[in-house]
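Please open the structure in your viewer and keep the sequence panel beside it. The tour below goes from one selection to the next, and at each stop it says what to look for.

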Amino acid sequence: MAHPESQHPLQIAIVGFGAAAQAFVPALQNNAQFSLVAIVENNAQVQSNAKALGVPVFSQLEDLKQIAHLDGVYIATHTPCHAEQCIQALANGWHVLVEKPMSSNAAEALRMVSAAQQFGKSITVGHSHSFDAPIQAMRHIIQSGELGAVQMVNTWCFTDWVYRPRRAEELDPALGGGVTFRQGAHQIDILRALCGPKVQTVKAKVFNTDPKRNTPGAHAIYLDFENGAAATAIYNGYAGLSSMDWTQNVSEWGFLQTAEQRPWKRRPLQQSTPEQELASKQERAKTAIPGSAPLQPHFGLTVVSCTLGDMRQTPAGILIATADGERELKLPNHQSPRELVLEEIENVWRGSGPGWHDGQWGYENLRICEAAIASAQSGREQVMTA
Ligand SMILES: NC(=O)c1ccc[n+]([C@@H]2O[C@H](COP(=O)([O-])OP(=O)(O)OC[C@H]3O[C@@H](n4cnc5c(N)ncnc54)[C@H](O)[C@@H]3O)[C@@H](O)[C@H]2O)c1
């Protein structure tokens, strides 16, 4: 919903200036409804990068009390920091946009949701890939009933996630690390956006294959939804095949990347010290997630089957196939997914409407990721109790 130009820009501070946060800066700078007023970052080297944005750079969340009229914070620190920082921000009277996964585990997420209720402020979880225009368009078509009832949604993503530079906690599932929490959070978000919010049961296998890189690196998850739909999420982060082979070479962020241009052909893991990994991670953060893109973003490939037809993403939008033939629906790409996140939080923070990526939504996504890991450990289907 657009707001009158006369409304004051919402004052926002970034907490943690790594890869995720740096990806948000172009969207923030292009949106007149927001004013970036401060950055909190506790690493001295990263602080000096952050200073280039010309706003105060603090080292602790509490320092933000020096900013008069702060509306909200965007928490993009490591996942294990999210819960405490979110609760602290809510208690200070600030709205919260928190990166996915919203915390290291569902119990922490529940505490965050309770704190939002207690302090009367909102939590939004994002960016996540259900903000991608093709996913939103497919959701809209499902909800319109044009293709009948949704029956199956299958999503596949094959990347080099395991071998990208990482901090130790990004690989540790006890701290919200590994592909099932970090990337499954996107896939579950997409599947619930398309199939409906309520999952009844979860069955999964999770694979930790490379002893030199001890982390859950691949999974196969099967979800049974309350409305009768079924969904699978397949993720393989071991740098073998690329799901760009099935998305007409379009990357996660909407760029054309042919097989020759992909930097991550299977290669032996280079033995790096934690300091070397951190340095490469900080370097990668500067360009890893571009601000705008010529094509639609693809978090792998998602195929939807409804009673009257199928849908999948294309580089320019979505393809709809029914017994009457196929048609492509072209979608605008003037707004990046992060610009759509800002649109949602603008409405929520101004009190003009609810956002569907709220704390409860993020909590359920995380609970399902946790159930997938529990199912893989026990070999049994997990029932999602209310
Ligand atoms: N939505 C997406 O597409 C996307 C992409 C990447 C990462 N993420 C998520 O974003 C979060 C951060 O991941 P990242 O890859 O950007 O990590 P990162 O390591 O690049 O960045 C985190 C930053 O937070 C800083 N930090 C840590 N503790 C802090 C504290 N207490 N106070 C202030 N600063 C602190 C670190 O120094 C670092 O610069 C994770 O939850 C991750 O899952 C989301």
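We begin with the whole chain and then move through its sheet, its helices, a hairpin and a few unusual spots in the backbone.

**The whole chain**

Show the entire protein chain as a cartoon, bearing in mind that this is a predicted model. The chain contains 10 helices and 15 strands, and its C-alpha trace spans about 60 × 55 × 45 Å along the principal axes. A compact globule of 386 residues would have a radius of gyration near 21 Å, and the value for this chain, 20 Å, agrees with that. Buried residues make up 48% of the 386 residues. If you consider the contacts with a separation of 6 or more, 71% of them are between residues 24 or more positions apart.

**The six-stranded sheet**

Next, select strands E1 to E6, which form an open sheet in the order E3-E2-E1-E4-E5-E6, with parallel pairing. Which strands stand at the edges of this sheet? They are E3 (57–58) and E6 (123–125), and each has a single partner strand, so one side of each is left without a neighbour in the sheet. At the E3 edge, strand E2 (residues 34–40) runs parallel to E3 and is joined to it by two bridges; to find one of these, select Ile-39 together with its bridge partner in E3, Val-57.

**Helices H1 and H9**

Keep the sheet visible and add helix H9, which lies across E1, E2, E4, E5 and E6, and which runs at about 170 degrees to E6. Now add helix H1 (residues 19–29), which packs against H9 (residues 337–349) at an angle of about 65 degrees, with the two axes 9 Å apart. The crossing of H1 and H9 is right-handed. To see where the helices meet, show Ala-23, Phe-24, Ala-27 and Leu-28 of H1 with Arg-338, Glu-339 and Leu-342 of H9. Those four residues of H1 are buried, as are Ala-20, Ala-21 and Gln-22 in the H1 helix. The buried residues of H1 are covered by elements that include E1, E2, E4, H8 (274–285) and H9.

**Helix H7 and Gln-187**

Move on to helix H7 (residues 184–195), whose 12 residues should span 16 Å at 1.5 Å a residue, a figure that agrees with the 16 Å between its end C-alpha atoms. How many residues of H7 are buried? The count is 12 of the 12, so H7 is largely enclosed by the rest of the structure.

Within H7, pick out Gln-187, which is buried because it has 32 other C-beta atoms within 10 Å, where 20 or more are needed. Leaving aside residues up to four places away in sequence, Gln-187 touches Thr-155, Cys-157, Ala-233 and Tyr-235. Its C-alpha atom is also 8.6 Å from that of Trp-156, a residue 31 residues away along the chain. Then step to Gly-196, which follows H7 and has a positive phi, near 125 degrees.

**Helix H10**

Select helix H10 (residues 359–378), whose 20 residues reach 28 Å from the first C-alpha to the last, close to the 28 Å expected. Of these 20 residues, 15 are buried, so H10 is largely enclosed by the rest of the structure. Just after H10 comes Gly-379, with a positive phi of about 75 degrees.

**An open hairpin**

Turn now to strands E13 and E14, which form a hairpin with two residues between them. E13 (residues 317–322) pairs with E14 in the antiparallel sense over six bridges, and Ile-320 has Arg-327 of E14 as its bridge partner. Is E14 (residues 325–330) largely enclosed or in the open? Of its six residues the number buried is zero, so E14 lies largely in the open.

**Unusual backbone spots**

Finish with four places in the loops. The peptide bond from Lys-100 to Pro-101 is cis, with omega near -20 degrees, and Pro-101 sits in the loop between E5 and H4 (106–119). The bond from Gly-126 to His-127 is also cis, with omega near 0 degrees, and His-127 lies in the loop between E6 and H5 (133–144).

His-69, in the loop between E3 and E4, has a positive phi of about 60 degrees although it is not a glycine, and with 8 C-beta neighbours inside 10 Å it counts as exposed. Gln-248, in the loop between E10 (230–236) and H8, has a positive phi near 55 degrees, and Gln-248 is partly exposed, with 14 other C-beta atoms within 10 Å.

How values were computed
Residues are numbered from 1 along each chain as its sequence is written. This is a predicted model: local features need pLDDT of at least 70, side-chain atom pairs count only at pLDDT 80 or more; totals for chains, interfaces and linings use all residues. The expected span of a helix is 1.5 Å times one less than its number of residues. Two strands pair if DSSP finds at least two bridges between them. The radius of gyration is taken over C-alpha atoms; the globule rule is 2.2 Å times the number of residues to the power 0.38. Two residues are in contact if their C-beta atoms, placed from the backbone, lie within 7 Å. Axes are lines fitted to C-alpha atoms, for helices over the stretch in contact, and angles run from 0 to 180 degrees between N-to-C directions. A crossing is left-handed if the near helix is turned anticlockwise from the far one by less than a right angle, and right-handed if clockwise.
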